[in-house]
Amino acid sequence: MRLLLFAVTGCLAFNGLAKAQEHKQQPIVINDPEWPPYFFAGRPDNPPGLMKEILTECSARLQMPFEFKHQPIERMQVGMEQGTLDINIFSYKKEREKVMDFGKEVMLTSRYIPIVRADSNYSIKSIKDFDPYRLGHTIGLRYSKEFYDYVLKRKSAQRLDESSKEEFNIRKLDANRIDIFVSTDSTILWVAKRIGLLDKIKLMDLEIQKADYFIAVSKNSPRIPDRAAFIQKLEDCIRGMRKSGEVCGLYKKYEQPCAWK
């Protein structure tokens, strides 16, 4: 009986230890979106991405097991709600606090602006000024609420040309298939340069939306039980990289102006 009890107790202890080790070793899942030059969805024909390199470096320094997983925009939002995705770079909105915790450090600032052909003479001062023009849209982008509502109205009226990637909208502009679309300045400049069409486009002055982006951690993450402590450690590392000049070095690598000099 004693031998049997010892065997059962030992087996339970071993199973408990194995489960604890398995849980401890579970990698944190970080979203790797299609968002040049910050992320490139893990595509081997591109560099890792500016934000991906920062997160990779800090995860390694903090000795946190991690993995990047590409999630399209709609699936990413569900993943953050359900906790199958742990980390994403998000703009802050009050309603998002229901499903995620935000860091305090601004990771990047992005401007949504209209893009047109370089030889165009359009005057775009407000959303209503888009009415006469053939409008392109990248599926998944939300812009500001006001402009997204406008996009939905254009779609309902069958006056919207949708694409799955920013590159396609740039090419459609060049081919005179659309007249205008809205996207983030840093992304469009990067993509247009890479496909040799930078001199074919023009960025307008109107800001549809300007937003700061932060580290966001899913409140339902089973892999990050202490979210506040986790975010603090990660941001401490990022602040250290900024202070040392490493972050500006990465900005230079991706041909972007560094906001952290």
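Let me start with I178, which is buried in this predicted model, with a relative accessible area of 0%. The residue is not part of a helix or strand assignment that I need to defend, for I178 lies in the loop between α5, residues 166-174, and β10, residues 180-184. Setting aside residues up to four places away in sequence, I178 touches R117, R134, G136, D161, N169, K172 and L173. For a sense of distance, take S244 as a reference point: I178 and S244 are 66 residues apart in sequence, and their C-alpha atoms are 45 Å apart in space. That separation can be set beside the overall extent of the chain, whose C-alpha trace spans about 90 × 45 × 35 Å along its principal axes.

Some figures for the whole chain may help at this point. Its secondary structure comes to 8 helices and 12 strands. Of the 261 residues in the chain, 46% are buried. Among contacts between residues at least 6 apart in sequence, 70% join residues at least 24 apart.

I now turn to H137. This residue is found in strand β8, residues 135-138. Is H137 buried or exposed? H137 counts as buried because its relative accessibility is 4%, and the cut-off for burial is under 20%. Which residues does H137 touch, not counting those up to four places away in sequence? They are Y143, V151, L160, D161, E162, S163 and N169. Two of these partners deserve a further word. With Y143, the side chain of H137 makes a polar contact of 2.6 Å. As for S163, it is 26 residues from H137 in sequence, while the C-alpha atoms of the two are 6.1 Å apart in space.

D161 and N169 allow us to connect this site with the opening one. Both are listed among the residues touched by H137, and both are listed among those touched by I178.

The next residue is T187, in helix α6, which covers residues 185-194. T187 has a relative accessible area of 1% and is therefore buried. The side chain of T187 is joined to that of T184 by a polar contact of 2.9 Å. Leaving aside neighbours within four places in sequence, the contacts of T187 are with W35, P36, P37 and E166. E166 belongs to the stretch 166-174 that forms α5.

Let me move to the helices, and to α2, α7 and α8 in particular. Two packed helices are described by the angle between their axes and the distance between the axes. I shall take the pairs in turn.

How do α7 and α8 cross? Helix α7 comprises residues 227-244 and helix α8 residues 246-253; their axes come within 4 Å and cross at roughly 75°. The two helices are therefore roughly perpendicular. Here I238, M241, R242 and S244 of α7 meet E246, V247 and L250 of α8. By residue class, this contact divides into 4 nonpolar, 1 polar and 2 charged residues. S244, incidentally, is the residue I used as a reference point for I178.

The second pair is α2 with α8. Helix α2 runs over residues 50-61, and its axis comes within 9 Å of that of α8, with a crossing at roughly 145°. The crossing is right-handed. On the α2 side the contact is made by L50, M51, E53, I54 and R61, and on the α8 side by E246, V247, L250, Y251 and K253. These residues divide into 6 nonpolar, no polar and 4 charged.

The third pair is α2 with α7. Their axes come within 10 Å and cross at roughly 115°, and this crossing, too, is right-handed. In α2 the residues concerned are I54, L55, E57, C58 and R61, which meet L234, C237, I238 and M241 in α7. The division by class is 7 nonpolar, no polar and 2 charged.

Several residues recur across these lists. I54 and R61 of α2 take part in the contact with α8 and also in the contact with α7. From α7, I238 and M241 meet residues of α8 and also residues of α2. From α8, E246, V247 and L250 appear in the contact with α7 and in the contact with α2.

I shall close with K52, which also lies in helix α2. Is this lysine buried or exposed? K52 counts as buried, because its relative accessibility is 14% and the limit is 20%. Not counting residues up to four places away in sequence, K52 touches D32, Y38, F39, G42 and F68.

Terms used. Residues numbered from 1 in each chain as written. Predicted model: local features only at pLDDT ≥ 70, side-chain atom pairs only at ≥ 80, totals over all residues. Heavy atoms only, no water. Buried < 20%, exposed > 50% of the residue type's maximum accessible area, 1.4 Å probe, protein only. Polar contact = N/O pair within 3.5 Å; in protein donor to acceptor, adjacent residues only side chain to side chain. Contact = heavy atoms within 4.5 Å. Axes fitted to C-alpha atoms, helices over the stretch in contact; angles between N-to-C directions. Parallel < 35°, antiparallel > 145°, perpendicular 65-115°, else oblique. Nonpolar A, V, L, I, M, F, W, Y, C, P; charged D, E, K, R; others polar. Left-handed = near helix turned anticlockwise from the far one by under 90°.
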